[in-house]
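Good morning, and thank you for joining this session. I would ask you to keep the sequence and the structure in view while I speak.

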Amino acid sequence: MLDHLTIHEPKSVMEASSLLTEFGSDAAIYAGGTELLVVMKERLIHFPHLINIKTIPGLDSISLDGDSISIGALATHRAIERSALVREHLPLLAELEANVANVRVRSTGTIGGNLCFAEPHSDPATLLMAWDASVVLQSSNSRREIPLSEFFTGLLETSRGQDEVLTAVRIPHPVPVGSAYERFKIHERPTATVAVTLSLSGDMVTGARIVVGSVCDRPVRIRAAEESLIGLSTVRAAEVAAAIVHDEIDPTEDNFESTDYKRHLARVLTTRAIAIATARASGGHRG
Ligand SMILES: Cc1cc2nc3c(=O)[nH]c(=O)nc-3n(C[C@H](O)[C@H](O)[C@H](O)COP(=O)(O)OP(=O)(O)OC[C@H]3O[C@@H](n4cnc5c(N)ncnc54)[C@H](O)[C@@H]3O)c2cc1C
């Protein structure tokens with residue numbers, strides 16, 4: 001049961017932002033509602049004003065704009081999974097989205113809601129960060145684009161301003177040839193995820209990004225592990241990089257898995273992801 005509330009139906013991002021300014025901390029954006037309505041029904045939080053952004057036209061579009069692929073904040077996981085454009089240019093993302101939650105959540109939950117809620121067990125956040133994706137944040141008087149690495153600031157926390165609407169995720173196009181995403185899941189949401197991108201010259205690594213998700217309070221890039229791969233063959237260096245991931249991450253303590261187990265999972269998933277990314281990079285297979 002929800003307490004009394006007013007649902008606003010803005011027709012533009014400007015109007016949504018003005019409503020956020022007007023009602024301040026009494027207002028929240030409402031997209032698919034798969035996170036928001038749960039915490040409200042459990043009375044963990046109450047917003048007397050919900051701003052339903054599904055009434056804003058065009059916020060769900062997916063397009064290729066020159067050097068980036070733009071995914072509108074209201075695109076659902078299911079729409080991303082089924083998008084012909086995503087399947088052609090970002091097949092790894094389409095595959096990832098097909099495994100998010102269950103079909104009910106995938107059909108309603110949006111990419112914008114997933115990122116803005118900043119629940120650490122997010123699948124897309126990990127891969128998108130490895131691809132150096134950014135988010136577009138718009139208010140009634142400004143528009144800014146920031147990398148995802150600057151967007152997540154902590155558990156359920158982002159750098160989004162109170163009056164800002166996340167309007168799109170932008171992914172640099174094309175994504176690196178060698179991309180891999182590995183996850184371990186036994187509960188409703190993933191326990192550990194690792195995304196790796198590799199650039200190779202012959203069998204030598206010339207560029208790498210390694211992002212670990214779900215185990216810490218936000219997705220984290222492990223730069224020391226990335227650097228350990230440069231100039232080496234991944235066959236020799238993968239175990240070392242995975243050991244660095246194991247030692248560098250600072251897992252969150254919870255009632256589900258021990259921090260040691262999370263470190264172990266991150267190490268195993270990193271080794272696997274590097275092997276897959278290497279094979280894909282060698283075969284010219286794009287994410
Ligand atoms: C049972 C279950 C299983 C799940 N399993 C997985 C999983 O395996 N992997 C995974 O990655 N995720 C999983 N999720 C999370 C799921 O992906 C999110 O619930 C969904 O994407 C949230 O989107 P939404 O549109 O419903 O957000 P909402 O609930 O509408 O909003 C969430 C939060 O974001 C804010 N918000 C929403 N859109 C915007 C915007 N455009 N701009 C600014 N603020 C905004 C809202 O104010 C609210 O605070 C699961 C969720 C459930 C309920």
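R143 is exposed, since its relative accessible area is 52% and the threshold for that class is over 50%. In this predicted model, R143 belongs to strand 7, which covers residues 143-147. Setting aside residues up to four places away in sequence, R143 touches V136, L137 and Q138. As for longer separations along the chain, R143 and L166 are 23 residues apart in sequence, and their C-alpha atoms lie 9.8 Å apart in space.

Let me turn to the N terminus. M1 sits in the segment before strand 1 (6-8). With a relative accessibility of 78%, M1 counts as exposed. Which residues is M1 in contact with, leaving aside its neighbours within four places in sequence? They are K41 and R43. A distance across the model may also help with orientation: the C-alpha atoms of M1 and V212 are separated by 37 Å, and the two residues are 211 apart along the chain.

One of those contacts of M1, namely R43, deserves a word about its backbone. R43 is found in the loop between helix 2 and strand 3 (49-52). Its relative accessible area of 51% makes R43 exposed, because the class begins over 50%. Phi of R43 is near 60°, which is a positive value in a residue other than glycine. As background, most residues other than glycine have a negative phi, and most peptide bonds are trans.

There is a further case of this kind. D132 is not a glycine, yet its phi is positive, at about 60°. D132 is placed in the loop between helix 8 (123-130) and strand 6 (134-138). At 38% relative accessibility, D132 counts as partly exposed.

On the peptide bonds, please look at H173 and P174. A cis peptide bond joins H173 and P174, with omega at about 0°. P174 lies in the loop between strand 10 (165-172) and strand 11.

I come now to the domains. The domain assignment of the protein gives domain 1 (6-53), domain 2 (62-172) and domain 3 (178-281). Taken over C-alpha atoms, the centres of domain 1 and domain 2 are 19 Å apart. The contact takes 17 residues from domain 1 and 16 residues from domain 2.

E35 is a residue to examine here. E35 occupies the loop between strand 2 (27-30) and helix 2 (36-41). Is E35 buried or exposed? E35 is buried, because its relative accessible area is 19% and the limit for that class is under 20%. Not counting residues up to four places away in sequence, E35 touches F117, E119 and R189.

E119 brings us to the interior, as E119 is among the residues that line the largest cavity. A search of the whole structure finds one cavity of 30 Å³ or more. The volume of the largest cavity is about 50 Å³. Its lining consists of N114, L115, A118, E119, P120, S122, A125, F152, D217, R218 and P219. By class, six of the lining residues are nonpolar, two are polar and three are charged. Which domains supply the lining? At least three residues come from each of domain 2 and domain 3.

A125, one of the lining residues, lies in helix 8. A125 is buried, with a relative accessible area of 3%. Leaving aside its neighbours within four places in sequence, A125 is in contact with L115, L148, F152 and P219. A125 and A195 are 70 residues apart in sequence and 9.7 Å apart in space, C-alpha to C-alpha.

I close with helix 12, residues 259-282. Why does its length agree with expectation? At 1.5 Å a residue, its 24 residues should span 34 Å, and its end C-alpha atoms are 34 Å apart. The expected span comes to that figure because the calculation multiplies by one less than the number of residues.

The buried residues of helix 12 are K262, R263, L265, A266, L269, T270, A273, I274, A277, T278 and A281. These buried residues pack against strand 11 (178-184), strand 12 (192-201), strand 13 (204-213), helix 10 (223-229) and helix 11 (234-248).

Thank you for your attention.

Conventions:
Residues are numbered from 1 along each chain as its sequence is written. This is a predicted model: local features need pLDDT of at least 70, side-chain atom pairs count only at pLDDT 80 or more; totals for chains, interfaces and linings use all residues. Side-chain values use heavy atoms; hydrogens and water are left out. On a 1 Å grid over the protein atoms alone, a cavity is a set of points where a 1.4 Å probe fits but cannot get out, and a pocket is an open set with protein on both sides within 12 Å along at least five of seven lines; lining residues have an atom within 4 Å of a point. Grid points are joined across faces, edges and corners, and a volume is the space filled by probe spheres set on the points. Ala, Val, Leu, Ile, Met, Phe, Trp, Tyr, Cys and Pro count as nonpolar, Asp, Glu, Lys and Arg as charged, and the others, Gly among them, as polar. Domain bounds come from an automatic or database domain assignment. Helices (H or I, at least four residues) and strands (E, at least two) are DSSP runs, numbered from the N terminus. Buried means under 20% relative accessible area, exposed over 50%, partly exposed in between (1.4 Å probe, protein chains only). Contact means heavy atoms within 4.5 Å.
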